[in-house]
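Reader: I have a model open and want to go through it before setting anything up. Can we start with how far to trust it?
Author: Here is the entry.

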Amino acid sequence: MKKNIKNLLLLWLIFPLVLITCDSSVQFENGSVDLEESHESLISNSLTYFQGRPYSELPVVRAREKLFIELSNHHESFGGVWMDPADQEHIFLGVSHHVNEANNRELILTHFKTIIKESLALPDIPELENIPPPDYRFTIKNVEYAFNELQYIRDLITPALPQVEETKFSHIDMKKNRFVIGISKGAGQSKYTALAEAYDIPLEAILIEELEPTTVNFENELKISSETIQSNHTIRDYYRPLTGGFKIERSDGLPCTMGFNIKLDNQDIWVTASNCSDQFGSTGNTEFHQPDAGGGLGTLIGEEFRDKSTSPLNQRYSNAVFVETKYGGNPPNFGRFARTKNFSSNWGSNGSIVLETNPPPYNPPPQYYTIRWAVEDVGQIMQGMELRKVGQQTGYTSGNVTVPCSDLFSPSGIPSNTWLLCQVRATTYAAPGDRGAPAFYQIPAFAPFAALYGIYAGSLGTYDTFYSPISGIKEDLVNMGETFEINPY
């Protein structure tokens, strides 16, 4: 089993465009070949599919996995790292058999722990100077595969997956220590078995999971918060200054959520979901409004500024669109988004939509979270990390990251044949009217400071929502040479 992967790793530098079809053939630019033939060509094409490089070398993927890459480079025994969802200071460290073969096993494990702690350390900023550092504790787990082995399996198989229509998602799951492929409920596995065999990959390294259909029809069940509203200030209201987390509407009344304000080359822009615009994947002239007190269409607050085409491989890194701010009066609330009274951590249960009024620690205005940084800029998005969001439909909700980097194939609400690469998946409750909502990690747990993941982008099913992270939004929408700022610091 190990020998197969080792032999494949040796071929990394030898390596045409690989696409699996329903008749188990491989489509190249110059025709098709049987999966039983041209083994080296299959490998070569997979490892050059993404503009001459393998999947793991894509800039967004490298940014998402920088800690894991560093640990793998330190020693090949690194098998994975994840957090206990119930205890954010409890870290699980997976190590493969390679570490047991090393003479300096304990030293290697000590170095692993040091690198992980450093990556999770809070930045040195004045607001946090009196906050004690987290007391991280480690549990060592023996795993079958090293992370770099799972990376290589992913690099080989990923280019073929979009052409198998039953495919719904794929990713490395560190806790399960497998490359996971999600398929439609009731779909067969024979095509994936043939694919693994064609690449000489052990079947034990791949886990096939059926995607359970969602049990709630979110599109027809726009739940309204049942909390008692004793304030005129909810995130469904007209509000100034223009602030992330509030309700927005298209001209036809489609409700979504404003994500956050940015400065793009010092121009006032804000972010929401691309499928909240008139047309996903194409820059149009969609106008967005915020409700007026008297109801109706409301006040114009923005016009679509930039979206990303899915060409040439029907792929994107985000479900995001840039909107140019269009209103007079106060400047946008740059570096902040709405903070409501309380959150729900239960699937199917709404959190609060009423703005907070009780003064928090450290003196910022109580009704806002202050964006201090993006999670990826200072640390690592890790399986098990808490992920919160504030959206106008289900309010303030909380859950945990289940996958830091998952590829999704035409998820609900996204046009068919669209490949969303390296999305963050979580158990955080959300619904269609929350699309575009800011997703964040609260730092520390009781203070009104936020590290941004990105925006809420959609749902795959129960306990399974996905988010487009900052790195993917920048890759899709920020041109080379442009400055992109999420806060004034």
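Author: The chain averages a pLDDT of 86, and 85% of the residues score at least 70; pLDDT is the predictor's confidence in each residue, from 0 to 100.

Reader: Over which residues is the pLDDT below 50?
Author: One such stretch is residues 10–34, which has 66 contacts in the model beyond near neighbours in sequence. Residues 216–226 are also below 50, with 22 contacts counted that way. Contact means heavy atoms within 4.5 Å.

Reader: Any ground rules for the numbers?
Author: This is a predicted model, in which local features need pLDDT of at least 70, side-chain atom pairs count only at pLDDT 80 or more, and totals for chains, interfaces and linings use all residues. Residues are numbered from 1 along each chain as its sequence is written, and side-chain values use heavy atoms, with hydrogens and water left out.

Reader: Sheets next. What order do the strands have in the sheet of three?
Author: The order is β3-β4-β5, in an open sheet with mixed pairing. Strands (E, at least two residues) and helices (H or I, at least four) are DSSP runs numbered from the N terminus, and two strands pair if DSSP finds at least two bridges between them.

Reader: Which strands stand at the edges there?
Author: β3 (78–84) and β5 (137–142); each has a single partner strand, so one side of each is left without a neighbour in the sheet. The twist averages 25° from one strand to the next. Axes here are lines fitted to C-alpha atoms, for helices over the stretch in contact, and angles run from 0 to 180 degrees between N-to-C directions.

Reader: And β4 with β5, parallel or antiparallel?
Author: Parallel, over six bridges, with β4 covering residues 87–95. Leu 93 is placed opposite Ile 140 of β5.

Reader: What about the sheet of eight strands?
Author: That one is open with antiparallel pairing, in the order β10-β9-β13-β14-β16-β12-β11-β25. β10 (255–257) and β25 (484–485) are its edge strands, pairing on one side only.

Reader: How many bridges join β13 to β14?
Author: Four, in the antiparallel sense, with β14 at residues 299–306. In that pair Glu 287 faces Glu 303 of β14. On the β9 side, β9 (residues 247–250) and β13 (residues 287–290) are antiparallel over two bridges, and Glu 249 is set opposite His 289 in β13.

Reader: Which helix lies across β16?
Author: α10 (residues 470–477), at about 75° to β16 (321–325). The helix also crosses β11 (260–264), β12 (267–272), β14 and β25.

Reader: Switching to empty space. How much lies in the second largest pocket?
Author: About 460 Å³. On a 1 Å grid over the protein atoms alone, a pocket is an open set of points with protein on both sides within 12 Å along at least five of seven lines, a cavity is a set where a 1.4 Å probe fits but cannot get out, and lining residues have an atom within 4 Å of a point. Points are joined across faces, edges and corners, and a volume is the space filled by probe spheres set on them.

Reader: Which residues lie nearest the centre of that second largest pocket?
Author: Asp 173, Lys 176, Thr 402, Val 403 and Arg 425, out of 25 lining residues. β20 gives the largest share of the lining, four residues. The lining divides into nine nonpolar, eight polar and eight charged, where Ala, Val, Leu, Ile, Met, Phe, Trp, Tyr, Cys and Pro count as nonpolar, Asp, Glu, Lys and Arg as charged, and the others, Gly among them, as polar.

Reader: And what lines the largest cavity?
Author: Glu 65, Phe 68, Phe 147, Arg 154, Ile 172, Met 174, Pro 404 and Cys 405. That is six nonpolar, no polar and two charged, around about 60 Å³ of space. α7 (147–157) and β20 (395–409) each supply at least two of the lining residues.

Reader: Last thing, backbone. Which peptide bond is cis?
Author: The one from Arg 240 to Pro 241, with omega near 5°; Pro 241 is in the loop between β8 and β9. Ser 410 has a positive phi of about 50° although it is not a glycine, and Ser 410 sits in the loop between β20 and β21 (419–426).
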